[in-house]
Amino acid sequence: MSTSVTPVSRTVSERVLDLAARRVPFVHATVVRAQVPTSAHPGDEAIVYEDGTIDGFVGGVCAEGSVRTAALGALSDGGPLLLRVLPEGETAFPESPGARVVVNPCLSGGALEIFLRPVLPPPLIEVVGHTPVADAVVALAGVLGYATARSLPASVSENTAAVVVAGHGRDEEESIRAALDAGVPHVALVASHRRGAAVLDELDLDEAERARVVTPAGIDIGARTAPEIALSILAGVVASVRSGAAAPGSPTGAAGAASGAGPRARGPAEDAAEPTAQALPRQAEDPVCGMTVTVMPDTPHLSADGTDVWFCSPHCRKHYAEGLVD
């Protein structure tokens, strides 16, 4: 094994464990095969983050661009991917079912196969309270494969997807305040419409903050028992997780209905205040080689006639600039 691989691999392996422990989504990229004269070697590794940043080494700048774009797609889809990066006109690697082939005209030679494995931690739900509804939420979340924690009101766990406040009067205001301050995407309070409004009044929230709290919690399915109410609450959480925003219609809470409250209409302020999913980095087409380029702060580009043009490498940018001069 090349001596240049070991330190990088060790660093990446340690980083993988750290990110997994902190519940940070990423893609673990590993070079499976490499054909000379590529700069990467089998076993080389890298981490691709949600913002397109790459930590590690899986090839030169052209190969890295192809890996970044494919990894972000894999992170969005949630499935593993075998990426085959070939120079133009090269077909040396045999076809493999499920592999994605990317022809990279900028490669100087050689070919790469890189396995991309998205590491997506299960959504984490902070549950407040030890009531029958809170316990039912924890039990049903486990069936869904979601993780739960009960660290509030002291603190909010990192990368929490939702907070369900089901203390029925205990630790409610402190937990809601902590969840809002931490930017938790989905905050739900188990209470009737009237009591929920009173709790939010005590917090003295501004309009945007108030709109972020779903109360009554859950989606109105006519639930009455604690497990049924937990089901309605988790339906709202699932909708939030899958859409990247608060669940549409979720304020018509079943938990509130069980307490005697009726449905509540959503207002324009609530829709405007909902957090949105993190946008993936922008993509553009290199006008010289035709590659799909993921736009990063250091991506080569030129401004031509007031329009930004992006390139996979400085070589393509130079070629394009020379054409403008001619």
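This is a short walk through one protein chain, from its overall make-up to a few single residues.

Keep in mind that this is a predicted model.

Let's start with the whole chain. It has 10 helices and 15 strands. There are 326 residues, and 46% of them count as buried. The accessible surface comes to about 15400 Å². Carbon and sulfur atoms hold 54% of that surface. Now the contacts. Take those between residues at least 6 apart in sequence: 60% of them join residues at least 24 apart.

Next, helix packing. Two packed helices are described by the angle between their axes and the distance between the axes. I have two pairs to show.

The first pair is helix 3 and helix 7. Helix 3 covers residues 132-144, and helix 7 covers residues 226-243. Their axes are 8 Å apart, at an angle of about 55°. Roughly perpendicular counts from 65 to 115 degrees, and roughly parallel is under 35. Helix 3 and helix 7 are therefore oblique to each other. Their crossing is right-handed. Who makes the contact? From helix 3 we have P132, V133, A136, V137, L140, A141 and L144. Helix 7 answers with A226, P227, I229, A230, L231, I233, L234 and V238. What kind of residues are these in the contact of helix 3 with helix 7: nonpolar, polar or charged? The count is 15 nonpolar, no polar and no charged.

The second pair is helix 4, residues 172-181, and helix 5, residues 193-203. Here the axes come within 10 Å and cross at roughly 65°. That makes helix 4 roughly perpendicular to helix 5. This crossing, too, is right-handed. On the helix 4 side, the contact uses E172, E173, I176 and R177. On the helix 5 side, it uses R195, V199, L200, E202 and L203. The make-up of this contact is 4 nonpolar, no polar and 5 charged. So much for helices.

Now the backbone. Two peptide bonds are worth a look on screen. One runs from L152 to P153, and it is cis, with omega near 10°. P153 sits in the loop between strand 8, residues 147-149, and strand 9, residues 162-165. The other joins T215 and P216. That bond is cis as well, with omega about 0°. P216 is in the loop between strand 11, residues 213-214, and helix 7. We met helix 7 a moment ago, packed against helix 3.

Stay with the backbone for positive phi. R23 is not a glycine, yet its phi is about 65°. R23 lies in the loop between helix 1, residues 5-21, and strand 1, residues 26-35. Is R23 buried or exposed? Its relative accessibility is 16%, and R23 counts as buried; the cut-off for buried is under 20%. N159 is another residue other than glycine with a positive phi, near 60°. N159 belongs to the loop between strand 8 and strand 9, and P153 lies in that loop too. At 41% relative accessibility, N159 counts as partly exposed.

Last part: three buried residues and what they touch.

V16 is in helix 1. Its relative accessibility is 12%, so V16 counts as buried. Beyond four places in sequence, V16 touches F26, H28 and I47. V16 and F26 are 10 residues apart in sequence, and their C-alpha atoms are 8.7 Å apart.

T294 is in strand 13, residues 292-294. With a relative accessible area of 4%, T294 is buried. What does T294 touch, leaving out residues up to four places away in sequence? The list is R68, T69, L72, P281, R282, Q283 and T299.

W310 is in strand 15, residues 307-310. At 11% relative accessibility, W310 counts as buried. Outside its neighbours within four places in sequence, W310 contacts R282, A284, E285, D286, P287, V295, M296, T299, P300 and H301. Look at D286 in that list. D286 and W310 are 24 residues apart in sequence, but 5.8 Å apart C-alpha to C-alpha. One more link to check on screen: R282 and T299 touch T294, and R282 and T299 are also in contact with W310.

Technical notes
Residues numbered from 1 in each chain as written. Predicted model: local features only at pLDDT ≥ 70, side-chain atom pairs only at ≥ 80, totals over all residues. Heavy atoms only, no water. Helix = DSSP H or I, 4+ residues; strand = E, 2+ residues; numbered from the N terminus. Buried < 20%, exposed > 50% of the residue type's maximum accessible area, 1.4 Å probe, protein only. Contact = heavy atoms within 4.5 Å. Areas by Shrake-Rupley, 256 points an atom, 1.4 Å probe, with all protein chains shown as cover. Axes fitted to C-alpha atoms, helices over the stretch in contact; angles between N-to-C directions. Parallel < 35°, antiparallel > 145°, perpendicular 65-115°, else oblique. Left-handed = near helix turned anticlockwise from the far one by under 90°. Nonpolar A, V, L, I, M, F, W, Y, C, P; charged D, E, K, R; others polar.
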